[in-house]
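Subject: Structure handover

Hello,

Here is the structure we talked about. Please open it first, then read on with the viewer beside you.

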Amino acid sequence: MSNDATSREPGRESTAEATGERQGRLEVLKALGDNTRYAIYLELARSSSPRSTADIADILGLHPNTVRPHLERMRDVGLLDVETDAKGSVGRPQHRYSLARAAPSLGLEPPAFPLLARLLASMAAAARLEPDDAADAARGTGRAMAADRLRRTPGDSCVAALADALDELGFDPAVAGDGEAVTIAFTHCPFAELAEAYPELVCHLHRGLVEGFVSEWGEGGVERFSTLADRDPCQVELSLR
């Protein structure tokens with residue numbers, strides 16, 4: 001008689017993990033659907049340092065006892081990290097909250113980030129980097145993204161994993177075709193402003209990201225990557241085996 005270890009289907013665990021991830025994202029959205037929790041999220045996103053319960057309550061004009069269960073709920077779904085400050089009032093440890101690294105940004109990145117991106121793109125353009133240089137620079141990141149997903153969802157196909165990864169980055173991918181030839185069109189570009197200003201750099205960074213991902217997954221290759229200079233929306237054509 002077979003035991004659980006020998007009878008377990010190979011793809012079942014990865015499917016369960018993917019379902020768990022989707023459920024986790026749903027719980028995050030539910031948590032942010034509350035007006036108070038959303039206000040807390042906005043304040044912590046704007047803050048350059050962790051905030052205590054009293055800090056947050058004071059900013060929002062609420063009693064700390066009102067804020068505390070909301071913070072606990074947000075921590076439970078993975079939105080917040082908490083650290084303990086032993087120097088709290090009356091000798092009691094004080095909790096300080098900040099956004100978790102994996103929390104969705106909601107477009108609230110520090111204003112220095114877009115500025116830094118523009119400066120780096122400008123510097124790369126001034127250095128006269130070639131499109132292939134940009135692609136080479138991004139392939140390592142693409143391989144790392146694929147390796148991480150292979151560990152978490154080993155049962156996924158290359159196309160499904162790539163589409164999910166790019167969807168999380170904001171590219172809104174649309175998959176067409178099946179079998180040995182697949183096209184993925186990117187109907188939204190999260191780097192549109194920079195891509196229009198520096199298409200030879202930004203679009204080929206995207207190309208390298210995709211090429212590195214597909215290469216690491218090992219189920220095929222990139223036949224053609226069409227940038228915004230070629231067509232709108234840009235797309236990638238994959239050959240699978």
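**Around valine 236**

Start at Val236. Leaving aside residues up to four places away in sequence, Val236 touches Val182, Thr183, Ile184, Phe186, Val210, Val222, Arg224 and Phe225. Keep in mind that this is a predicted model.

**Two cores**

Val236 belongs to a bigger group. The largest nonpolar core has 20 residues. Val236 is among those with the most contacts inside it, along with Leu162, Ile184, Phe186, Val210, Phe213 and Leu238. Nonpolar side chains tend to be buried together in soluble globular proteins.

Which elements give two or more residues to this core? They are helix H8 (158-169), strand E5 (181-186), helix H10 (199-217) and strand E7 (235-240). H8 provides the largest share, six residues.

There is also a second, separate core. It has 17 residues, including Val28, Leu32, Leu44 and Tyr97.

**The two helices of the largest core**

Take H8. Its buried residues are Cys158, Val159, Ala161, Leu162, Ala163, Ala165 and Leu166. They pack against helix H7 (131-152), strand E4 (173-176), E5, H10 and E7. Now check the length of H8. Its twelve residues should span 16 Å at 1.5 Å a residue. The end C-alpha atoms of H8 are 17 Å apart, which agrees. Glycine 170 follows H8, and its phi is positive, near 100°.

Now H10. This helix is mostly covered, with 14 of its 19 residues buried. From first C-alpha to last, H10 reaches 27 Å, close to the 27 Å expected at 1.5 Å a residue. A glycine follows here too: glycine 218 comes after H10, with a positive phi near 80°.

**Glutamine 235**

Next, look at Gln235, which lies in strand E7. Is Gln235 buried or exposed? Gln235 is buried, because its relative accessible area is 12%, and buried means under 20%. The side chain of Gln235 makes a polar contact with the side chain of Glu237, at 3.5 Å. Gln235 also touches Thr183, Ile184, Ala185, Phe186, Arg224, Phe225 and Ser226, again not counting residues up to four places away in sequence.

**Cysteines**

How many disulfides does the structure hold? Zero. A disulfide is a covalent bond between the sulfur atoms of two cysteines. Cys189 is in no disulfide. The cysteine sulfur nearest to that of Cys189 belongs to Cys234, 6.0 Å away. Cys189 is partly exposed, with a relative accessible area of 22%.

Why does Cys203 not bond to Cys234? The sulfur of Cys203 is 6.0 Å from that of Cys234, its closest cysteine sulfur, and that is too far for a bond. For a disulfide, the sulfur atoms must be within 2.5 Å. Cys203 is buried, with a relative accessible area of 6%.

**A sheet of three strands**

Move on to E1, E2 and E3. They form an open sheet in the order E1-E3-E2, with antiparallel pairing. E1 and E2 stand at the edges, each with a single partner strand, so one side of each has no neighbour in the sheet. In general, strands of a sheet pair through backbone hydrogen bonds, either parallel or antiparallel.

How many bridges join E2 to E3? Six bridges link strand E2 (residues 80-85) to E3, and these strands run antiparallel. Leu80 has Leu99 in E3 as its bridge partner. On the other side of the sheet order, strand E1 (residues 51-52) pairs with strand E3 (residues 94-99) over two bridges, also in the antiparallel sense. Ser52 stands opposite Arg96 in E3.

**Serine 48**

One last stop. Where is Ser48? Ser48 sits in the loop between helix H3 (35-46) and E1. Ser48 is exposed, with a relative accessible area of 81%. Ser48 and Ser98 are 50 residues apart along the chain, and their C-alpha atoms are separated by 9.0 Å.

**To try in the viewer**

Colour H8, E5, H10 and E7, the elements that give two or more residues to the largest core. Then show Val236 with its contacts, among them Ile184 and Val210.

Best wishes

Definitions and conventions
Residues are numbered from 1 along each chain as its sequence is written. This is a predicted model: local features need pLDDT of at least 70, side-chain atom pairs count only at pLDDT 80 or more; totals for chains, interfaces and linings use all residues. Side-chain values use heavy atoms; hydrogens and water are left out. A nonpolar core is a set of buried Ala, Val, Leu, Ile, Met, Phe, Trp, Tyr and Cys residues joined through side-chain atoms within 4.5 Å. Buried means under 20% relative accessible area, exposed over 50%, partly exposed in between (1.4 Å probe, protein chains only). Helices (H or I, at least four residues) and strands (E, at least two) are DSSP runs, numbered from the N terminus. Contact means heavy atoms within 4.5 Å. A polar contact is a pair of N or O atoms within 3.5 Å; within protein, one must be able to donate a hydrogen and the other to accept it, and residues adjacent in sequence count only if both atoms are side-chain atoms. Two strands pair if DSSP finds at least two bridges between them. The expected span of a helix is 1.5 Å times one less than its number of residues.
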